[in-house]
Amino acid sequence: TDADRTAFDALNEKVAAEYDKVEVKPDLFVDGQLTVTENVADMGGMQVAFDALQLALGTSGDPGDIDGLTQAQRFFIAAAQVWREKMRDEALASQVQSDSHSPGIARATVPAENMDAFYAAFPDVQPGDPDYIAPEDRVVIW
């Protein structure tokens, strides 16, 4: 509906504004508008994957902590590790200016930071921490 489209567009603007604040190197920021579609996809994919984990654990049973980490903690750590990368500063600058995908550091952290489940998994992340987003400021599109 028109109302759905208006609400979706408003959420996309919030996502773009959030990513505009992501500094990947000193004075080098993600272009939230350039990357908004991929960022929304990353956020939705993370939520769907976490929901799938919860369904699987509900069906198969939760094996409990492994190496001192809950399944939710292991999920978020694994999701972040997927985006590990190393590149020269020039390549990173080029990516930020021309690629519709955010750099790995943003893809590794921002989607999780917008999920309530992240804070439930890591209750020590509190206001004032660099990875903390207040509940009312978290963007949930899907």
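How many cavities of 30 Å³ or more does the structure hold? In this predicted model, the count is 1. The space inside the largest cavity comes to about 100 Å³.

A walk around the walls of this cavity takes in several parts of the chain. Its lining is made up of Val40, Met43, Gly44, Gln47, Pro111, Asn114, Met115, Val139, Val140, Ile141 and Trp142. Helix α2, which spans residues 32-60, supplies the largest share of that lining, with 4 residues. In character, the lining residues split into 8 nonpolar and 3 polar, with no charged residue among them.

Helix α2 also carries Asn39, a residue worth a look in the viewer. Asn39 counts as buried because its relative accessibility is 0%, below the 20% cut-off used for burial. Beyond its neighbours within four places in sequence, Asn39 is in contact with Val15, Tyr19, Gly32 and Ser102.

Attention can then turn to helix α5 (residues 104-113), which is largely enclosed by the rest of the structure because 8 of its 10 residues are buried. These buried positions are Gly104, Ala106, Arg107, Ala108, Val110, Pro111, Ala112 and Glu113. What do they pack against? The partners of the buried α5 residues are α1 (2-20), α2, α3 (71-81) and α6 (116-121). Pro111 links this part of the picture to the earlier one: Pro111 is among the buried residues of α5 and also belongs to the lining of the largest cavity.

Key
Residues numbered from 1 in each chain as written. Predicted model: local features only at pLDDT ≥ 70, side-chain atom pairs only at ≥ 80, totals over all residues. Heavy atoms only, no water. 1 Å grid on protein atoms, 1.4 Å probe; cavity = no way out; pocket = protein on both sides within 12 Å on 5 of 7 lines; lining within 4 Å. Points joined across faces, edges and corners; volume = space filled by probe spheres on them. Helix = DSSP H or I, 4+ residues; strand = E, 2+ residues; numbered from the N terminus. Nonpolar A, V, L, I, M, F, W, Y, C, P; charged D, E, K, R; others polar. Buried < 20%, exposed > 50% of the residue type's maximum accessible area, 1.4 Å probe, protein only. Contact = heavy atoms within 4.5 Å.
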